[in-house]
Amino acid sequence: MARVAVFMGSASDEGVMRPCADLLDKLGIDHLFTITSAHRTPERTARLVAELEAGGCQVFICGAGMGRPHWPGPWPPRPPSRSSACPSTPRPCPAWTPCWPRCRCPRASLWPRWPWDKAGARNAAWLAAQILALNDPELAGKLAQARAEFAQTVEKAADDLQS
């Protein structure tokens with residue numbers, strides 16, 4: 001059973017979104033990693049969401065290439081789903097273009113958004129893990145371990161810099 005769904009608008013988004021799926025794998029979180037377009041295949045997207053919600057999927061991560069950060073706009077979340085948008089930049093674009101939909105997001109927007117590219121994909125996976133860990137002590141332990149490893153990495157880097 002997929003606890004997290006990672007949707008991409010097209011195959012060109014896979015390289016950017018793969019780190020999201022890789023991190024979910026590393027944390028042992030069952031997930032669906034698939035292509036569906038809210039713009040080009042809205043029926044498929046709606047069907048997948050309904051099936052996944054019925055099966056207990058708790059988090060939806062939506063990667064967007066050409067749609068950039070506002071990709072999920074045509075697909076409003078239905079509680080109790082948790083959803084986040086993760087824009088990718090598969091083609092060159094003006095520096096500020098991907099930022100505008102996030103900066104001009106309406107009040108009470110239901111979509112957490114992330115920086116574009118692979119870092120944003122990983123951040124979306126971390127958020128999904130944190131949401132699931134609220135009711136999963138084993139996963140909460142894995143997250144605590146990951147935080148401890150991050151802290152050790154910073155301490156080591158600081159020590160290396162000083163020596």
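In this predicted model, the side chains of T34 and R44 are joined by a polar contact of 3.1 Å. T34 belongs to strand β2, which covers residues 31-35. With a relative accessible area of 14%, T34 falls below the 20% limit and therefore counts as buried. Leaving out residues up to four places away in sequence, the neighbours that T34 touches are V6, F7, M8, R44 and L48. R44, the polar partner of T34, is thus also listed among the residues that T34 touches.

It helps to place this contact within the whole chain. Five helices and four strands are present, and along the sequence they follow the order β-α-β-α-β-β-α-α-α. Of the 163 residues in the chain, 40% are buried. Among contacts with a separation of 6 or more, 67% are made by residues 24 or more positions apart.

The nonpolar interior comes next. The largest nonpolar core holds 24 residues, and those touching the most other members are V4, M17, C20, L24, L27, I29 and I61. Two or more residues are given to this core by each of β1, α1, β3 (59-64), α4 and α5. The most generous contributor is α4, with nine residues. V4 offers a good view of the surroundings: beyond its neighbours within four places in sequence, V4 is in contact with L24, I29, D30, H31, L32, C57, V59, I61, A128 and L132. Apart from this core lies another one, of eight residues, including A2, L52, C57 and F60.

What of the cysteines? C57, a member of the eight-residue core, is buried with a relative accessible area of 7%. C62 has a relative accessibility of 1% and so counts as buried too. The number of disulfides in the structure is zero.

Turning to charged pairs, four salt bridges are counted in the model. One of them links R3 and D136, whose closest N and O atoms are 3.0 Å apart. R3 sits in the segment before β1 (4-8), while D136 sits in the loop between α4 (118-133) and α5 (137-162), so this pair ties together parts of the chain that are 133 residues apart in sequence. Both R3 and D136 are buried. D136 has a further role in the geometry here, as the residue that caps the N-terminal end of α5: one of its side-chain oxygens lies 3.1 Å from the backbone nitrogen of E138.

Two other salt bridges lie within helices. In the first of these to be described, R18 pairs with E14, with 2.6 Å between the closest N and O atoms. These two residues are four apart in helix α1 (residues 14-26), so about one helical turn separates R18 and E14. R18 has a relative accessibility of 31%, which makes it partly exposed, and E14 is likewise partly exposed, at 34%.

The other pair is formed by E51 and R47, whose closest N and O atoms are 3.7 Å apart. E51 and R47 both belong to helix α2 (residues 42-54) and are four residues apart, about one turn of the helix. E51 counts as partly exposed at 45% relative accessibility, and R47 does so at 41%. The buried pair R3 and D136 can be set beside these partly exposed residues, E51 and R47.

Finally, the helix capped by D136 deserves a look of its own. How many residues does α5 have, and how far does it reach? α5 consists of 26 residues and spans 38 Å from its first C-alpha to its last, close to the 38 Å expected at 1.5 Å a residue. The buried residues of this helix are L139, L143 and A146. Among the parts of the chain that cover these buried residues is α4, the helix that also gives the most residues to the largest nonpolar core. α5 itself is among the elements that give two or more residues to that core.

Methods:
Residues numbered from 1 in each chain as written. Predicted model: local features only at pLDDT ≥ 70, side-chain atom pairs only at ≥ 80, totals over all residues. Heavy atoms only, no water. Salt bridge = Lys/Arg side-chain N within 4 Å of Asp/Glu carboxyl O. Buried < 20%, exposed > 50% of the residue type's maximum accessible area, 1.4 Å probe, protein only. Expected span 1.5 Å × (residues − 1). Contact = heavy atoms within 4.5 Å. Polar contact = N/O pair within 3.5 Å; in protein donor to acceptor, adjacent residues only side chain to side chain. Core = buried A, V, L, I, M, F, W, Y, C linked by side-chain atoms within 4.5 Å. Disulfide = S-S within 2.5 Å.
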